[in-house]
Amino acid sequence: QYAKTAGYVSDVKHDIGDRVNKGEVLAILYVPELEKNLVQAKAGLAARQQMKKAADAAVAQAQQALAVAKSQLEGYQADLYLAQVTLKRQEELSAGKAATAQQLDDARAKAKVAQANVAMGEAKVNSAQADIQAAEANRDVAAAQLDVADAQVQEVQALLEYTHIIAPFDGVITRRQVSPGDLVQGATTTRTAALFTVQQLETIRVFCDVPESQAVGVSVGADADVKIYALAGRVLKGKVTRLANAIDPASRTMRRADRSPGSFA
């Protein structure tokens, strides 16, 4: 098993000969830089969360301001309607000599003031609507920044999870090449030395090259006997599981894979 990130070995949980289960922790790495990065990333996330809350509050405030502006505009429009009706009546009375010129001038002035108030109310509504659009844009930016901050936290947390070297499958540890305090490097394409070697001994896969003259008689599912000379010629019964279906032009053989039970205990 390899390390994905560089760090100091702080604890070794298992040794050679131990049976381990898939996902079981074999060793733990200490990477102080990642822990500091996580603290910083969480602080940035908390700040972005507060900015998002502030942006949401700004949108709500702008919407409330729009509601107030619309209510005021309705009042101004009602005043304008009344002023226009009053002016019309004063004009009719003035035509019949039933109203003075002063009364007619007052009605005209009130109608103009009401008209100006309506125009001002409409401007306030338009301004409030623009404020909402701006607040919503700021909220969208804050939400995007929050997503970025959250992704940064998840990235660091994912890297910290790699500080736990785990067993890739059920098996037996056959080699341990690390000790507490060792500085290990992350695995690269140059195949950095493995920290642990875990092997499955229950099943053995054997690859062999069948001569061209006998390849035609081999098929998937056929019986395959594997003789182990190191075990006094013990024969393991297995099955052919895969065929290359191609002859190697250099050796004139075909590769096959056999699977046999491999309990050597």
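1. The note opens with the largest pocket of this predicted model. The residues that line this pocket are Asp79, Leu82, Ala83, Thr86, Gln90, Gln103, Asp106, Ala107, Lys110, Val113, Ala114 and Asn117. The space within the largest pocket comes to about 190 Å³.

2. Which helices supply the lining of the largest pocket? Helix 1 and helix 2 each give at least two residues to it. Helix 2 provides the largest share, with 7 residues. Sorted by class, the lining of the largest pocket consists of 5 nonpolar, 4 polar and 3 charged residues.

3. The two helices that contribute to the pocket also pack against each other. Helix 1 covers residues 32–95 and helix 2 covers residues 101–161. Their axes lie 6 Å apart, and the packing angle is about 165 degrees. Because angles over 145 degrees count as roughly antiparallel, helix 1 is roughly antiparallel to helix 2. The crossing of helix 1 with helix 2 is left-handed. In the contact of helix 1 with helix 2 there are 35 nonpolar, 19 polar and 16 charged residues.

4. The strands deserve equal attention, beginning with an open sheet of 4 strands. The order in this sheet is 4-3-1-6, and the pairing is antiparallel. Strand 4 (164–166) and strand 6 (183–184) are at the edges; each has a single partner strand, so one side of each has no neighbour in the sheet.

5. How many bridges join strand 1 and strand 3? The antiparallel pairing of strand 1 with strand 3 runs over 4 bridges. Within this pairing, Asp11 stands opposite Ile28 in strand 3. Strand 3, which spans residues 25–30, also pairs with strand 4 in the antiparallel sense, over 3 bridges. Ile28 stands opposite His164 of strand 4 as well. A student may therefore follow Ile28 in the structure, with Asp11 opposite it in one pairing and His164 opposite it in another.6. On its other pairing, strand 1 (residues 7–12) meets strand 6 in the antiparallel sense over 2 bridges. The bridge partner of Tyr8 in strand 6 is Leu183.

7. A further open sheet is formed by 3 strands. These are placed in the order 2-5-7, with antiparallel pairing. Strand 2 (19–20) and strand 7 (196–199) occupy the edges; each has a single partner strand, so one side of each is left without a neighbour in the sheet.

8. What is the bridge partner of Arg19 in strand 5? That partner is Val172. Strand 5 is made of residues 171–176, and it pairs with strand 2 in the antiparallel sense over 2 bridges.

9. The last point concerns the hairpin of strand 9 and strand 10. Strand 9 runs over residues 223–228 and strand 10 over residues 234–243. The two strands pair in the antiparallel sense, with 6 bridges between them. Lys227 stands opposite Val235 in strand 10. The hairpin has 5 residues between the strands, and Ala232 adopts a positive phi near 60 degrees there.

Conventions: Residues are numbered from 1 along each chain as its sequence is written. This is a predicted model: local features need pLDDT of at least 70, side-chain atom pairs count only at pLDDT 80 or more; totals for chains, interfaces and linings use all residues. Side-chain values use heavy atoms; hydrogens and water are left out. Axes are lines fitted to C-alpha atoms, for helices over the stretch in contact, and angles run from 0 to 180 degrees between N-to-C directions. Angles under 35 degrees count as roughly parallel, over 145 as roughly antiparallel, 65 to 115 as roughly perpendicular and the rest as oblique. A crossing is left-handed if the near helix is turned anticlockwise from the far one by less than a right angle, and right-handed if clockwise. Ala, Val, Leu, Ile, Met, Phe, Trp, Tyr, Cys and Pro count as nonpolar, Asp, Glu, Lys and Arg as charged, and the others, Gly among them, as polar. On a 1 Å grid over the protein atoms alone, a cavity is a set of points where a 1.4 Å probe fits but cannot get out, and a pocket is an open set with protein on both sides within 12 Å along at least five of seven lines; lining residues have an atom within 4 Å of a point. Grid points are joined across faces, edges and corners, and a volume is the space filled by probe spheres set on the points. Two strands pair if DSSP finds at least two bridges between them.
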